[in-house]
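Student: Could you take me through one part of this model closely? I would like to hear about the salt bridges, and then about what surrounds them.

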Amino acid sequence: MEVKVWRGDATGRFESFEVPRQPSQTVLDVVTHIQRHLDPTLSYRFACRVGMCGSCAMTVNGTPRWTCRTHVDKVAAAGRLEIAPLANLPVVKDLVADMREFFDKWARAKGQLTPTRTRADEFAVVDPGSPARREADAGIECIGCGVCYAACDVVKWNRDYLGPAALNRAWTLVNDARDGGQSARLHAVAGDAGCHSCHTMMSCTEHCPKHLSPTRSIAGLKRATWSLPPEGEKP
Ligand code: SF4
Ligand code: SF4
Ligand code: FES
């Protein structure tokens with residue numbers, strides 16, 4: 001099979017390789033074959049190979065995907081395979097995207113727990129059937145792969161937009177009964193670069209390999225921030 005692979009930085013170009021087909025071959029297997037047998041200078045990123053770490057995401061035939069769980073048979077039925085780094089992010093080299101702005105936006109969206117207890121306190125008891133816990137459960141399995149971010153047109157138009165993954169993370173914490181940072185978080189996601197910029201086109205939800213719905217989480221944030229009082233005032 002002929003495989004076209006992006007080489008260099010953002011000003012680079014595609015390079016072609018001949019790769020032998022194998023049964024149950026994944027796109028990550030193809031990239032690994034090229035790096036191990038054809039060109040050891042090819043840069044790419046992966047860790048777990050089983051869909052847990054989120055580090056292997058790339059653009060495959062124009063679509064963002066996790067490559068370790070994407071079978072060649074599924075995406076290259078016409079015998080064509082073109083692999084590039086994730087879109088909407090700077091390119092470090094070859095298939096490696098620079099994820100810093102992606103994770104910086106998690107921090108901007110206050111995507112970290114603000115604890116209200118110390119390790120000396122009893123464990124918090126959270127009812128697994130409560131509406132808030134179920135909302136948090138719906139988004140908690142995000143692996144931070146960046147596929148949704150690469151699929152989002154609003155990120156493409158407005159690089160300041162926090163994006164679906166950071167906003168999904170914020171929504172899981174808004175629904176976390178143990179968290180004490182809600183006012184700051186809601187203000188962080190309510191600005192021009194926040195949830196109200198989402199156009200609800202659902203590309204993120206369509207492409208998420210974990211079948212999460214950032215669109216739904218963002219809708220929850222829109223409701224929660226609709227009548228937000230000025231920062232510092234009690235809601
Ligand atoms: S639904 Fe919103 S966050 Fe998701 S891809 Fe569309 S604009 Fe981006
Ligand atoms: S929401 Fe889905 S696509 Fe987006 S980073 Fe998390 S796991 Fe990846
Ligand atoms: S290598 Fe970990 S998710 Fe693909």
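Tutor: Happy to; here is a walk through the salt bridges, followed by the strands and the two ligand sites. A word on the ground rules: this is a predicted model, where local features need pLDDT of at least 70, side-chain atom pairs count only at pLDDT 80 or more, and totals for chains, interfaces and linings use all residues. Residues are numbered from 1 along each chain as its sequence is written, chains are lettered from A and ligands numbered from 1 in the order in which they are written, and side-chain values use heavy atoms, with hydrogens and water left out.

Let's start with the salt bridges. The structure holds 14 of them, each defined as a side-chain nitrogen of Lys or Arg within 4 Å of a carboxyl oxygen of Asp or Glu. One of these joins Arg49 to Asp29, with 2.7 Å from N to O. Asp29 belongs to helix H1 (27-38) and Arg49 to the loop between H1 and E3, so the contact ties together parts that are 20 residues apart in sequence. Helices here are DSSP runs of H or I with at least four residues, strands are runs of E with at least two, and both are numbered from the N terminus. Arg49 is partly exposed at 33% relative accessibility, and Asp29 is partly exposed too, at 27%. For these labels, buried means under 20% relative accessible area, exposed means over 50%, and partly exposed is in between, using a 1.4 Å probe and protein chains only.

A second salt bridge brings together the side chains of Asp160 and Arg108, at 3.4 Å from N to O. This pair links distant parts of the chain, 52 residues apart: Asp160 is in the loop between helix H6 (153-157) and helix H7 (164-174), while Arg108 is in helix H3 (residues 100-108). Asp160 is partly exposed at 43%, and Arg108 is partly exposed at 37%.

Now look inside a single helix. Arg133 and Asp137 form a salt bridge whose closest N and O atoms are 2.9 Å apart. Both residues lie in helix H4 (residues 131-139), four residues apart, which is about one turn of the helix. Arg133 has a relative accessible area of 34% and is partly exposed; Asp137, at 33%, is also partly exposed. Elsewhere, salt bridges with shared partners join Arg7, Glu15, Asp39, Lys93 and Asp94 into one network.

Next come the strands. E1 (residues 2-7) pairs with E5 (residues 81-84) in the parallel sense over three bridges, where pairing requires that DSSP finds at least two bridges between two strands. Lys4 stands opposite Glu82 in E5. Strand E3 (residues 57-60) runs antiparallel to E5, and two bridges join them; Thr59 has Ala84 as its bridge partner in E5.

Finally, the ligands. Ligand 1 is surrounded by 13 residues, the closest being Cys152, Tyr161, Cys198, Met202 and Cys204; a residue counts as near if one of its heavy atoms lies within 4 Å. Helix H9 (203-207) and helix H10 (214-225) each supply at least two residues of that shell. Around ligand 2 we find 12 residues' worth of neighbours by name, including Cys142, Cys145, Cys148, Cys208 and Lys210.
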